[in-house]
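Visitor: I would like to learn how to read a model of this kind, feature by feature. Could you take me through one, giving the general idea before each case?

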Amino acid sequence: MPTLFTKIVTGEIPSYKIFEDENFYAFLDISPNAKGHTLCIPKKEEDKLFDLDEETYLGLMRFSRKVAKAIEKTVPCKRVGMAVVGLEVPHVHVHLIPLKEMKEMTFQHKIAMSKSAFETLASAIQSNL
């Protein structure tokens with residue numbers, strides 16, 4: 001059965017897409033820790049990060065770096081933090097979180113954003129890729 005993230009990649013579930021290429025997809029987290037919180041995923045389903053083949057793993061890191069640089073240009077922050085937890089959805093995903101404070105990495109600190117705020121932010125990040 002396809003994961004939630006595979007359904008996002010195929011368009012069955014809408015997302016605020018930031019960027020994609022033939023192997024990877026980046027979109028805004030709809031329950032963000034901070035403004036600009038983005039998820040980067042391989043299009044190929046794999047549950048655990050270290051079960052990815054080396055080429056896909058390294059490709060995901062390159063892809064995530066490119067997206068993080070665009071986030072950093074768009075969202076005022078001290079740095080973009082990265083986390084790979086993966087317990088919520090059984091599909092590898094890298095969290096890129098613009099940080100001003102450590103609490104933004106806790107996954108217990110959430111912010112609310114409107115649909116238009118998500119759309120505007122996604123467009124702004126895209127323009128910095």
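Guide: Let us begin with D53, which at 34% relative accessibility counts as partly exposed. Please keep in mind throughout that this is a predicted model.

Visitor: With which residue does D53 form a salt bridge, and how far apart are the closest N and O atoms?

Guide: The general idea is that side chains of opposite charge can pair when their charged atoms come close. In this case the partner of D53 is K44, and the closest N and O atoms of the two are 3.8 Å apart, which is within the 4 Å allowed for a salt bridge because that is the cut-off applied here.

Visitor: How many salt bridges does the structure hold?

Guide: The structure holds 4 salt bridges. One of them joins K17 to E20, with 2.8 Å between the closest N and O atoms, and another brings together the side chains of E20 and K43, at 2.7 Å from N to O.

Visitor: Where do E20 and K43 lie, and how many residues apart in sequence are the parts that the pair ties together?

Guide: E20 belongs to strand β1 (residues 17-20), whereas K43 sits in the loop between β3 (38-42) and α2, so the pair ties together parts that are 23 residues apart in sequence.

Visitor: Which residues are joined into one network by salt bridges that share partners?

Guide: K17, E20 and K43 form one network, joined by salt bridges that share partners. As for accessibility, K17 is partly exposed at 33%, E20 is likewise partly exposed at 30%, and K43 is partly exposed with a relative accessible area of 23%.

Visitor: What is the spatial separation of E22 and K43, C-alpha to C-alpha?

Guide: E22 and K43 are 8.0 Å apart in space by their C-alpha atoms, although 21 residues separate them in sequence. E22 is found in the loop between β1 and β2 (24-28), and at 64% relative accessibility E22 counts as exposed.

Visitor: Let us turn to helix packing. At roughly what angle do the axes of α2 and α3 cross, and within what distance do they come?

Guide: In general, two packed helices are described by the angle between their axes and the distance between the axes. Here the axes of helix α2 (residues 54-74) and helix α3 (residues 115-127) cross at roughly 115° and come within 8 Å. That angle makes α2 roughly perpendicular to α3, and the crossing of the two helices is right-handed.

Visitor: Which residues make the contact between α2 and α3?

Guide: On the α2 side the contact is made by A70, I71 and T74, and on the α3 side by L121, A124 and I125. Sorted by class, the contact of α2 with α3 has 5 nonpolar residues, 1 polar residue and no charged residues.

Visitor: I71 of α2 appears in that contact. How far is its C-alpha atom from that of T38?

Guide: The C-alpha atoms of T38 and I71 are separated by 8.5 Å, with their positions 33 residues apart along the chain. T38 lies in strand β3 and is buried, with a relative accessible area of 0%. Leaving aside residues up to four places away in sequence, T38 touches I18, A26, F27, L28, D29, V67, I71, V94, H95 and L96.

Visitor: Is F5 buried or exposed, and which residues does F5 touch?

Guide: F5, which is found in helix α1 (residues 4-9), is buried, with a relative accessible area of 5%. Not counting residues up to four places away in sequence, F5 touches F27, L39, I41, V89, H91 and H93.

Visitor: What can be said of the backbone at F107?

Guide: F107 has a positive phi of about 65° although it is not a glycine. F107 is found in the loop between β5 (94-99) and α3, and F107 is partly exposed, its relative accessible area being 27%.

Visitor: Finally, where is P76 found, and how far apart in space are P76 and G36?

Guide: P76 is found in the loop between α2 and β4 (79-83), where it counts as exposed at 60% relative accessibility. P76 and G36 are 9.6 Å apart in space, C-alpha to C-alpha, and 40 residues apart in sequence.

Notes:
Residues are numbered from 1 along each chain as its sequence is written. This is a predicted model: local features need pLDDT of at least 70, side-chain atom pairs count only at pLDDT 80 or more; totals for chains, interfaces and linings use all residues. Side-chain values use heavy atoms; hydrogens and water are left out. Axes are lines fitted to C-alpha atoms, for helices over the stretch in contact, and angles run from 0 to 180 degrees between N-to-C directions. Helices (H or I, at least four residues) and strands (E, at least two) are DSSP runs, numbered from the N terminus. Angles under 35 degrees count as roughly parallel, over 145 as roughly antiparallel, 65 to 115 as roughly perpendicular and the rest as oblique. A crossing is left-handed if the near helix is turned anticlockwise from the far one by less than a right angle, and right-handed if clockwise. Contact means heavy atoms within 4.5 Å. Ala, Val, Leu, Ile, Met, Phe, Trp, Tyr, Cys and Pro count as nonpolar, Asp, Glu, Lys and Arg as charged, and the others, Gly among them, as polar. Buried means under 20% relative accessible area, exposed over 50%, partly exposed in between (1.4 Å probe, protein chains only).
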